[in-house]
Amino acid sequence: MDPGAAAVEAIEELTAHLPGGGERRSGQLEMAGLVAQAIEDHTHVAVAAGTGTGKSLAYLVPVIQSGRRPVIATATKALQDQLGAKDLPFLVEHLDPDVTYAVLKGRSNYVCRQRLDEVADAGQQRLSGIDADISPSELERLTAWAEASETGDREELDDQPSGMAWSAISVSARECPGAKDCPRGGDCFAEMARAKAAEADVVVVNTYLLGLHLAGDAPILPEHDVVVIDEAHQLAEVVSNTAGLEIGSGRFSHLARVTRAILEDPVAVDTLEGVGRRVADAFDDDRFHRVKPGAEGPINDALLLGRAALQPLIAGLRSIDGNKNADVAARRNRALAAATALADDLDRALNLNEAQSVAWIEGPTDRVVLRVAPIDVAEVLTESLWETGTVVLTSATLPATLPDELGVPSDRSELADVGSPFDYEEQSLLYCAAHLPDPRAEAHPQAAADELADLIDAAGGRTLALFTSWRALDRMKELLDGRLPGPMLAQGDGTKRALIERFVEDESASLFATMGFWQGVDVPGRTLSLVVLDRIPFPRPDDPLLQARRDRHKAAAFRMVDLPRAATLMAQGAGRLIRSSTDRGVVAVLDPRLASANTYRWELIRALPPMRRTKDRDEALSFLRTI
């Protein structure tokens, strides 16, 4: 049977086993056929699949039927866990009981048994550089959990630990010396997860781990010949991070702390700490600016001092005899791995190829860092991704420029849009408040606040208001204090999960949030009937990485760099509204440029779900009052 037809037939049979019997989704079947054909032909496919399509089954079924070995990469650990705990068990039960699967995360997501051994002893804590401010009771709770856990995966914890506590009992990839150089390498949770993944038919990872694999010299993931990337619109940003580097004073101070107790050379350690302070001072003067690390000046001087300070430190660590004490050897090996990684990053920064990479300074005063990233991620992906097998890219929204940005080979790929099963024309309304002042005008904040107050009042709460900056969010909170029909919940007042739970529990509540909530928020039902976008989310004009990419595109920069990003993010924000076939509501845009900017408005509108559109304020208010 044709692989596409086989996949469609299997999904139609599987649908009958879904809770409530499921329903036939033409977009899901079309996507399954496209994925199956791409695997058969050893080509690539990018599929835009709107909310409700059921894209997980649409790619999992043909991948499993193909007999090929896939890696499935998701944008979030939550979706990663959903695939591992829900979707794949369902397919194993009803499609192929012989299929095995594994969920693999980055090393720092697993507790480190060696670090636990060190934490168990107060003296060892000091030797390991563990912060004295960490609560002993929290460490005891984490130790008890780890002793009973089979996976050591942080996501098992009901109450997430503090950052300091988790860092005390875990290690990053650049610190870990590897199983053969660790006393607990034989029963390491991270190594056990990697071993399980190596034996599995299907491996699920997050996109960041895939990015590390693609950008690194040594393979992290097991051998595979199919890669599926869910929420693929985020891939370029992830690869920019994983193929780049970050250097801050914190890396120097952390290395000094973990080295001080095991290296009998206080001068070398003190020098390293001093360099950390020098780095912080040098970086602080150039925050948010593009820089040239190898050019003469304070930044270059600080990096050179850091590189020089590492030489005696690394030599001293290598001279430590770990044969007599396994714990000392473990701490030495971790410190040596971190020091070597820092030295390599300093060398890369000091010898930056400005034709290929861009460097800039960013972060708050107490955590300022130098970042380096590739200008063109397509160059990174050409050999590491496109030449290794079939790649499936999918998301609710895929900008037309994505294949060029990622370097997808045009002669071996297909771009498709399978739509969404929802009736957006009937279920939703896109309202542009065209009468408001330009969002850059002084009068806009007050006028937008008055407009938002009326919209929320008509909706009776039930509002997710999305802002493009913390400043805009704080200003709106101030202007609307005491004017809403129910509680005003705001990002920063609790964890993302806690805020969403409070929002779901109280229909009169309104939730105000920034970029972290434009994607990945799923609140079906009456609780969410109004999504507000404060303005078109164009990227910052002074973003150094995007500046470098604009320079490459010259006159076409706006349409190749800024507009696709704004359109994708706007579509993601608007996509928070309709999450089921019974949802109804309004997406309100408080930016009149969506109605007046004829040179680009239609590209933004076409990226949104096909909602009924209006500029009539009374129509929007009336629609909200009826739902």
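Cysteine 176 sits buried in this predicted model, with a relative accessible area of 19%. Cysteine 188 is buried too, and its relative accessible area comes out at 17%. Both values fall in the buried class because the cut-off is under 20%.

What about a bond between them? A pair of cysteine sulfur atoms has to lie within 2.5 Å to count as a disulfide. For cysteine 176, the closest cysteine sulfur is the one in cysteine 188, and the gap is 6.1 Å, so that is too far for a bond. Looking from the other side, the sulfur of cysteine 188 has cysteine 176 as its closest cysteine sulfur partner, again at 6.1 Å and too far for a bond. By this rule, the disulfide count is zero.

The two cysteines turn up again in the cavity analysis. The structure holds two cavities of 30 Å³ or more, and the largest of them takes in about 140 Å³ of space. Its lining is made up of 19 residues, and those closest to the centre are Arg107, Cys112, Val171, Cys176 and Cys188. So the cysteine pair that is too far apart for a bond is also found among the residues closest to the centre of the largest cavity.

As for secondary structure, helix H5 (113-119) and helix H9 (189-199) each give at least two residues to this lining. H9 supplies the largest share, with three residues. Sorted by class, the lining of the largest cavity has eleven nonpolar residues, along with five charged and three polar ones.

Key
Residues numbered from 1 in each chain as written. Predicted model: local features only at pLDDT ≥ 70, side-chain atom pairs only at ≥ 80, totals over all residues. Heavy atoms only, no water. Buried < 20%, exposed > 50% of the residue type's maximum accessible area, 1.4 Å probe, protein only. 1 Å grid on protein atoms, 1.4 Å probe; cavity = no way out; pocket = protein on both sides within 12 Å on 5 of 7 lines; lining within 4 Å. Points joined across faces, edges and corners; volume = space filled by probe spheres on them. Helix = DSSP H or I, 4+ residues; strand = E, 2+ residues; numbered from the N terminus. Nonpolar A, V, L, I, M, F, W, Y, C, P; charged D, E, K, R; others polar.
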